[in-house]
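Hi there,

I am passing a structure on to you, since you have not worked with it before. Please have a look at it first, and then read on for what turned up.

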Amino acid sequence: MKDLAPQDLENWHLGQDSLEKTMANFEHTLMCLNEAFARFNWQGLATAAHDLTFSSQDNTILHIIHTLGRPKSVSDIARFLNRDDLANIQYSIRKLLKAKFIEKADDRSSRGTTYRTTASGKSVIDDYVNTRRNLVAKPASDIANIEEQLQVATRAMGVFIGLYDHAARVLTTRP
């Protein structure tokens, strides 16, 4: 999706000045990126698993459970994703358990039940990673200074995560 042209930014109802209009353009681009990534993330798992019933969220949770090679609890997953909808995370976990992509771990931690990937889950992850490498990472490598650009974008998004989280907390305390 192409950014809006400067003359289009003048019409944003979300901004009175240049910063607010630029933020509105950033937010629109972020929404479009989120949707494009969700489609790829869903299709990547659906293709690797040969099952169209999986969602983008299911794929994300599978990868988080696999991250660092140690079991994760529902609260670990929620914290990593900055989410508080535990029921939706638990739904994905049930789907991944049923597909035998994850299993309950044997650790006895105070975090409650934890999950780890199975050999089948690792195979699906490997297929997804190879697809991502070929369809996204390799074409992106042709963009000049892409790593630096991604690092700058990541830092900027981190700042906005903090701003939006703070704003959400403020709004919860208002009548």
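Below is a short tour of the pocket, the core and one helix residue.

Please keep in mind that this is a predicted model.

Let's start with the largest pocket, which has a volume of about 2,200 Å³. Its lining is made up of 41 residues, and those closest to the pocket centre are L30, L33, N34, F37 and M157. By type, the lining residues split into 24 nonpolar, 12 polar and 5 charged. Helices α2 (18-49), α3 (56-66), α4 (74-81), α6 (119-140) and α7 each bring at least two residues to this lining. The biggest contribution comes from α7, with 12 residues.

That same helix α7 spans residues 146-172 and includes A156. Is A156 buried or exposed, or in between? A156 counts as partly exposed because its relative accessibility is 32%, and the partly exposed range runs between 20% and 50%. If you compare A156 with S56, you will find them 100 residues apart in sequence and 24 Å apart in space, C-alpha to C-alpha.

Now for the largest nonpolar core. This core has 19 residues, and L62 and I93 are the ones that touch the most other members. At least two core residues come from each of α2, α3, α4, α5 (86-98) and α6, with α3 giving the most, 4 residues. What does I93 contact once its neighbours within four places in sequence are left aside? The partners of I93 are then I61, V74, I77, I102 and Y115.

Enjoy exploring!

Best wishes

Methods:
Residues numbered from 1 in each chain as written. Predicted model: local features only at pLDDT ≥ 70, side-chain atom pairs only at ≥ 80, totals over all residues. Heavy atoms only, no water. Buried < 20%, exposed > 50% of the residue type's maximum accessible area, 1.4 Å probe, protein only. 1 Å grid on protein atoms, 1.4 Å probe; cavity = no way out; pocket = protein on both sides within 12 Å on 5 of 7 lines; lining within 4 Å. Points joined across faces, edges and corners; volume = space filled by probe spheres on them. Nonpolar A, V, L, I, M, F, W, Y, C, P; charged D, E, K, R; others polar. Core = buried A, V, L, I, M, F, W, Y, C linked by side-chain atoms within 4.5 Å. Contact = heavy atoms within 4.5 Å.
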